[in-house]
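Please open the structure in a viewer and keep a selection panel at hand. The stops below are meant to be taken in order, with one selection at a time.

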2 protein chains.
Amino acid sequence: MVNETNEVDAPRVLRVALLGCGTVGAQVARTMLTQREDLAAKSGCELDLVGVAVHDAGRPRPGIPDELLTDDPEALVADGGADIVIELIGGIDPPRRLVLSAIDRGASVVTANKALLAKHGEEIYAAAEREGVDIYYEAAVAGAIPIVRPLRESLVGDQILTIMGIVNGTTNYILDKMTTEHQDFATALATAQRLGFAEADPTADIEGFDAASKAAILASLAYHSTVRIDDVYREGITGVTSEDIEAAESMGCVIRLLAIARLDEAGRIEVRVHPATVAREHPLAMVQGANNAIFVEAANAGRLMFMGPGAGGSPTASAVTGDLVTVARNRLRGVENPAHSVYQGLPVAPMSETRTRYHLRFQVVDQPGVLAAAAGLLAGNRVSIHSVHQHAPRADDRPTGTAVLSMVTHLAREADVMACIAELERTGYVHGQVRFMRAEGL
Amino acid sequence: MVNETNEVDAPRVLRVALLGCGTVGAQVARTMLTQREDLAAKSGCELDLVGVAVHDAGRPRPGIPDELLTDDPEALVADGGADIVIELIGGIDPPRRLVLSAIDRGASVVTANKALLAKHGEEIYAAAEREGVDIYYEAAVAGAIPIVRPLRESLVGDQILTIMGIVNGTTNYILDKMTTEHQDFATALATAQRLGFAEADPTADIEGFDAASKAAILASLAYHSTVRIDDVYREGITGVTSEDIEAAESMGCVIRLLAIARLDEAGRIEVRVHPATVAREHPLAMVQGANNAIFVEAANAGRLMFMGPGAGGSPTASAVTGDLVTVARNRLRGVENPAHSVYQGLPVAPMSETRTRYHLRFQVVDQPGVLAAAAGLLAGNRVSIHSVHQHAPRADDRPTGTAVLSMVTHLAREADVMACIAELERTGYVHGQVRFMRAEGL
């Protein structure tokens, strides 16, 4: 074997246990069974699938021999003698227990479980380091798009300034439908569910939990610090209205759910997930349907962008299989990848101190002095206005004698803008709610 | 140090020699000198810059101590005791000799030298494997865009179907100017030279040699086979006319210089560099100015795209520094990355057997039967027509009684299309040359 002439004592077979056999797991198992020789040539050794833990071991799985199936993942991990455990069950428990058990037994782990890593990453990385095993998770963020490895290795000699990504395909699909086909949120969600782009319970996606897990993982990697999901400011897309989409369009923008990790001026990590307006010309505005894209700005590398399918059985399986080969190569050579590094130990900035641009939109009494009053109110809160547009409200919801004020701010502090909104809503000249949307990528 | 608790015997200092101190080299040296602690934390050890080989050691380099400078790279490699040698001289010799000498002395090598690897990769990879050292070259293709590592690791468990990239910033800049500002080739080249996007001798870029080196490297990586620059079919952009650009525009396309590596139906590698039309909606059409982008289609991962600055001092230095940290981590652990793998050993398909789509454009005598005759000629050569458009020639070069025929073929064999063109030019009804452009990304 051409790769391995130097390691005469290297093991010729590595035992692999697979936990979970949904769309991704089944694809990984089939790849391992049908492409044995190819994976052996790439890894430098045979990869022997010793067991597949499933929910119902009685149900046959096409292409996977029945004798590999077990409904006892604990036993597979404890007694299977696996060198590598692939965890694709999802959720926090039992995966946390199983992954820690695998590590304790000296197995390296490949997982796609973003929720687990965003919540218990610290514990898991520490265990892997203690036991000298690998933990790889390229599939946890943006499916097959290589982003974990580029951040861990390719860009490790650089300083990451900003990561801004569309990391949840479901919400991008819904926002794209709302934009291009003028569907309202409920209709777009129902379409996504019918076509399999959204789950029956879509909460994790539409409320931004999934994106927040990924944001935590990306921020940890980029800033060599511990960032947990609870550190991530999170807003989903359930509050995005057709009017918000239209207002964004009229400014040459689209609305995307963004996961953002940034280094602020004080050396803290901003990490947040929320809908935001993005200019049509920005590469992130061009990401259609359920695709994902991650934009990275680094001090030396400049602006990089990674695009592709962010989910789905095959793409996720591709990322898992890539990790499997890498982990196998490492084990053959008796090494593990440098553990998750947290040497920078940067703090996370509170959302109230985040600085970005804002688009504010509200109805006012159409009389002299109102614009001046509103502008003065913002100035009093240290919010400077970049542009302002006043127009009549839409015909179907026009109270007599009102106008719509639409403002874009310069960079402003979140707390200051929230104070402006509260004050505006208390004035006599503003009707109803002040709508706002953060404006990114400018 | 949090990364290294398991390796108590690991060396605390690695010696690094830098060969070449142009824009990229100077940036790498400055990063090593000013960010010592950061790189040490990331690598797990001190990286000690022991020498910088330059052309003229008498000329001071801002930020680099004079005592590090030497004009004798051979001596630096032979006597410097370097653990890692960074080669940024460029060209084939002396770099080939220096890199082999470094490897023979047990040093790992980081290089950005695409020409060297595309010509002598086999010899260099074999030497590195024999000596058990690393050779890393992320910066050799597309600057700071991580593509080597994703192909070597992230996608290694997948099957690459197609790689199609804009990997030369100079030619993309020129073609973009010709498209958006209607400059002719000579003017666009002069603009690029004035602004530093093209060199005084632009041959390597505009004749496609640079892109061909990168195509060879990408094809080798994607298909685990030996592909040399001489295996790459190569056409530059010097023959692209304003009329070609206009004709492409009228079909909703732009012209890009593409580097393509594909697995053909017979299991051979197609590897070629030439101008091609790309539909405006294709992500590659959106790559502006001197940027690079690489589109990868894999069996499981689907369609991925990587974009960013493809050249320039800082982006290239970012990629080199990322490799430096990775190589240092490997050395600390006493391992090297699996050597360049050629286990698939696939042959390269001759250009004549490539199958793609073609756009043909030629002037014909405007009389009944001509379209039927031309269509019959193509059919006789097994070339099937997808669409045809006949229109009057441009006012300024209209011979009396002629029309322009513009045809797009279905997938056709290169040799068949070339035979059609030769036959068409010999008929009585075709005036002058048949212009053709390959059409990609459909």
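Select His224(B), which is found in the loop between α10 (209–223) and β8 (233–234) of chain B. The model is a predicted one, and the values quoted on this tour are computed from it. His224(B) has a positive phi of about 45 degrees although it is not a glycine. Is His224(B) buried or exposed? Its relative accessible area is 8%, so His224(B) counts as buried.

Remain in chain B and select Ala142(B), another stop chosen for its backbone. The phi of Ala142(B) is near 60 degrees, a positive value in a residue other than glycine. Ala142(B) lies in the loop between β6 and α6 (148–154) of chain B. With a relative accessible area of 0%, Ala142(B) is buried.

Next, select Tyr136(B), which has its place in strand β6 (residues 135–136) of chain B. Tyr136(B) is buried, its relative accessible area being 4%. Add Ser101(B) to the selection and draw a C-alpha to C-alpha distance: Tyr136(B) and Ser101(B) are 16 Å apart in space and 35 residues apart in sequence.

A second distance can be drawn from Leu47(B), a residue of strand β2 (residues 46–53) of chain B. Leu47(B) has 5% relative accessibility and therefore counts as buried. From the C-alpha of Leu47(B) to that of Ile89(B) the distance is 21 Å, with the two positions 42 residues apart in sequence numbering.

**Peptide bonds before proline**

Select Asp93(B) and Pro94(B). The peptide bond from Asp93(B) to Pro94(B) is cis, with omega near 10 degrees. Pro94(B) sits in the loop between β4 (84–87) and α4 (95–104) of chain B. Now move to chain A and select Asp93(A) with Pro94(A). What is the form of the peptide bond from Asp93(A) to Pro94(A)? This bond is cis, and its omega is near 15 degrees. Pro94(A) is found in the loop between β4 (84–87) and α4 (95–104) of chain A.

**Salt bridges**

Side chains of opposite charge can pair when their charged atoms come close. How many salt bridges does a search of the whole structure find over all chains? The search finds 58.

Select Glu138(A) and Arg149(A), whose side chains meet in a salt bridge at 3.5 Å, N to O. This pair links distant parts of the chain, eleven residues apart: Glu138(A) is in the loop between β6 (135–136) and α6 (148–154) of chain A, and Arg149(A) is in helix α6 of chain A. Glu138(A) and Arg149(A) are both buried.

Continue with Glu440(A) and Arg272(A), which form a salt bridge whose closest N and O atoms are 2.8 Å apart. Here too the pair links distant parts of the chain, with Glu440(A) in strand β17 (residues 430–440) of chain A and Arg272(A) in strand β10 (residues 269–279) of chain A, 168 residues apart. Both Glu440(A) and Arg272(A) are buried. Extend the selection to Arg262(A), Glu265(A) and Glu270(A), which are linked with Arg272(A) and Glu440(A) in a network of salt bridges.

In chain B, select Glu297(B) and Arg303(B). These residues form a salt bridge, the closest N and O atoms being 3.6 Å apart. Glu297(B) has 22% relative accessibility and so counts as partly exposed.

**A charged patch**

Return to chain A, display the surface, and select Asp56(A), Asp71(A), Asp72(A) and Asp79(A). Together these residues form a negative surface patch. Asp79(A) lies in helix α3 (residues 73–79) of chain A. Because its relative accessible area is 64%, Asp79(A) is exposed.

**The two chains together**

Finally, show both chains. Two copies of a chain are related by a rotation about an axis and a shift along it. Chain B can be laid on chain A by a turn of 180 degrees and a shift of 0.0 Å along the axis, with an RMSD of 0.1 Å. The two copies are thus related as by a two-fold rotation axis. Which C-alpha of chain B is nearest the axis? Select Phe306(B) to see it: the C-alpha of Phe306(B) is 2.4 Å from the axis.

Terms used. Residues numbered from 1 in each chain as written. Chains lettered and ligands numbered in written order. Predicted model: local features only at pLDDT ≥ 70, side-chain atom pairs only at ≥ 80, totals over all residues. Heavy atoms only, no water. Patch = residues over 30% accessible without salt bridge, like charges linked within 9 Å, V, L, I, M, F, W, Y side chains within 5 Å. Areas by Shrake-Rupley, 256 points an atom, 1.4 Å probe, with all protein chains shown as cover. Salt bridge = Lys/Arg side-chain N within 4 Å of Asp/Glu carboxyl O. Lys, Arg positive; Asp, Glu negative; His and termini not counted. Charge placed at Lys NZ, Arg CZ, Asp CG, Glu CD. Helix = DSSP H or I, 4+ residues; strand = E, 2+ residues; numbered from the N terminus. Buried < 20%, exposed > 50% of the residue type's maximum accessible area, 1.4 Å probe, protein only. Least-squares fit on C-alpha atoms with pLDDT ≥ 70 in both.
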